[in-house]
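Take a look at the structure below. Follow the strands first, then turn to the helices.

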Amino acid sequence: MPKAYVVGRVQINDPEAYEKYREQVPATIAQYQGKYIVRGGQHETLEGPVEAGRMVVLEFPSYEQAKAWHASAEYEGPKAMRQAASEGQLVVVEGLE
């Protein structure tokens with residue numbers, strides 16, 4: 001079964017509230033056997049429109065686990081915090097076997 005990745009690009013509007021989100025979310029990811037591959041850090045757009053913001057890549061053992069994490073009761077509160085403190089996009093993509 002191929003792994004799955006959640007890729008996010010986030011523009012933070014409220015850094016204090018977003019920091020509270022950052023403190024809470026790792027435990028929810030771990031509950032679904034996920035882990036951070038990228039969490040912020042230096043990045044640049046090599047092609048396409050330049051978009052500012054924070055990049056995040058999470059790895060999960062499967063597509064189903066990634067979706068289960070995103071829809072979980074454990075992530076519901078932190079997700080609402082992220083949505084209130086930032087704008088962005090999260091995409092789940094299946095990896096190669």
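## The central pairings

How many bridges join strand β1 to strand β3? There are 7, linking residues 4–12 of β1 with residues 54–60 of β3. The two strands run antiparallel. One point on this border is easy to find: Arg-9 faces Met-55 of β3. Keep in mind that the model is predicted.

β1 also pairs with strand β4, residues 86–94. Here 9 bridges hold the antiparallel pair. Look for Val-10 on β1: its bridge partner in β4 is Gly-88.

Strands of a sheet pair through backbone hydrogen bonds, and they can do so in a parallel or an antiparallel way.

## The whole sheet

In what order do the 4 strands lie? The order is β2-β3-β1-β4. The sheet is open, and its pairing is antiparallel.

Why is one side of β2 and of β4 left without a neighbour in the sheet? Both strands stand at the edges, and each has a single partner strand, so one side stays unpaired within the sheet. β2 covers residues 35–39. On average, neighbouring strands are turned by 20° against each other, direction ignored.

## Helices on the sheet

Helix α1 spans residues 15–31 and packs on the sheet. This helix touches β1, β2, β3 and β4. Its direction makes about 145° with that of β2.

Helix α2, residues 63–71, packs on the sheet too. The strands that α2 touches are β1, β3 and β4. Between the directions of α2 and β4 the angle is about 155°.

How values were computed:
Residues numbered from 1 in each chain as written. Predicted model: local features only at pLDDT ≥ 70, side-chain atom pairs only at ≥ 80, totals over all residues. Heavy atoms only, no water. Pairing = 2+ DSSP bridges. Axes fitted to C-alpha atoms, helices over the stretch in contact; angles between N-to-C directions. Contact = heavy atoms within 4.5 Å.
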